Each structure stands twice: as C-alpha cells, then as structure tokens.
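Let's walk through this one together, starting from a single residue and working outwards. Keep the viewer open as you read.

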Amino acid sequence: MYEVKFVNLVEPVIQAPEAESDPVICACMGVKASTIKMAMEVGNASTLDEVNELTQAGTACRACSCRIERVLAGFPAQCGPCSLCPACGVISKLCQCA
Ligand code: FES
C-alpha cells in the first residue's frame with residue numbers, strides 16, 4: 001500500500017513581518033490599519049468620530065488619533081509629522097492653512 005503525503009506548496013517560505021504590512025494603529029483597542037481601512041470602505045467612515053464608532057480605535061487614551069487621521073487621509077500611519085498645526089489645530093501633515 002502506498003502512503004500519501006501532502007506538501008503545502010501554497011504557503012510562502014518568507015513573509016514580511018506583520019507589523020510592516022498591517023500595523024497596529026490603536027494599541028489600547030488592538031485595532032490594525034486594515035480594520036480602519038475596512039471601516040472606510042465598508043462602513044463609509046470618513047471622519048475620526050466615525051472610525052471611533054465603527055472600530056473603537058481611538059476611544060481610550062486617544063494617543064492614536066493622529067495615526068487614524070493619517071490612515072483616513074491615505075498616508076502611511078507610522079511615518080510623517082503628527083504634531084498639531086498651532087494655527088488651526090489640525091495635524092500638520094494634513095493642515096491646509098499656511
Ligand atoms: S492608542 Fe488608541 S485609544 Fe489609546
């Protein structure tokens with residue numbers, strides 16, 4: 001009798017670290033960027049409040065609000081300035097005032 005062995009040829013040998021492809025945006029609530037993007041695509045979330053409501057991201061310490069705003073604006077969450085514009089209070093990277 002023959003013995004049949006199955007080999008998984010689909011699973012990649014090398015994978016990018018999870019943190020690089022889908023970073024955690026909100027550490028308090030454990031929400032990843034993919035969840036926020038899903039809230040945008042499926043739930044039509046377009047504001048921080050809507051993301052807060054749909055995902056619970058940003059509903060505890062709120063330290064991640066900047067990263068959520070960056071994801072909403074289509075920027076990478078983990079890079080770029082996240083300070084607030086002293087004139088308008090909007091995140092500097094997203095600020096439209098001069
Ligand atoms: S890190 Fe998102 S609410 Fe604290």
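Start with Met38, which sits in helix H2, the stretch covering residues 33-41. Keep in mind that you're looking at a predicted model. How buried or exposed is Met38? Met38 comes out as partly exposed, because 14 other C-beta atoms lie within 10 Å, and that count falls between the 12 or fewer of an exposed residue and the 20 or more of a buried one. Now look along the chain to Thr55: Met38 and Thr55 are 17 residues apart in sequence, yet their C-alpha atoms are 9.4 Å apart in space.

Next, move on to Ala45, which you'll find in the loop between H2 and helix H3 (48-55). Ala45 counts as buried, because it has 21 C-beta neighbours inside 10 Å and the cut-off for buried is 20 or more. Which residues does Ala45 touch, leaving aside its neighbours within four places in sequence? The contacts are Ala39, Met40, Glu50, Val51 and Leu54. There's a longer jump in sequence to check too: Ala45 and Leu72 are 27 residues apart along the chain, with 8.5 Å from C-alpha to C-alpha.

Now zoom out to the whole chain. It has four helices and two strands, and reading from the N terminus the order is α-β-β-α-α-α. Of the 98 residues, 22% count as buried, and Ala45 is one that meets the buried criterion. As for contacts, take those between residues at least 6 apart in sequence: 34% of them join residues at least 24 apart.

Terms used: Residues are numbered from 1 along each chain as its sequence is written. This is a predicted model: local features need pLDDT of at least 70, side-chain atom pairs count only at pLDDT 80 or more; totals for chains, interfaces and linings use all residues. Two residues are in contact if their C-beta atoms, placed from the backbone, lie within 7 Å.
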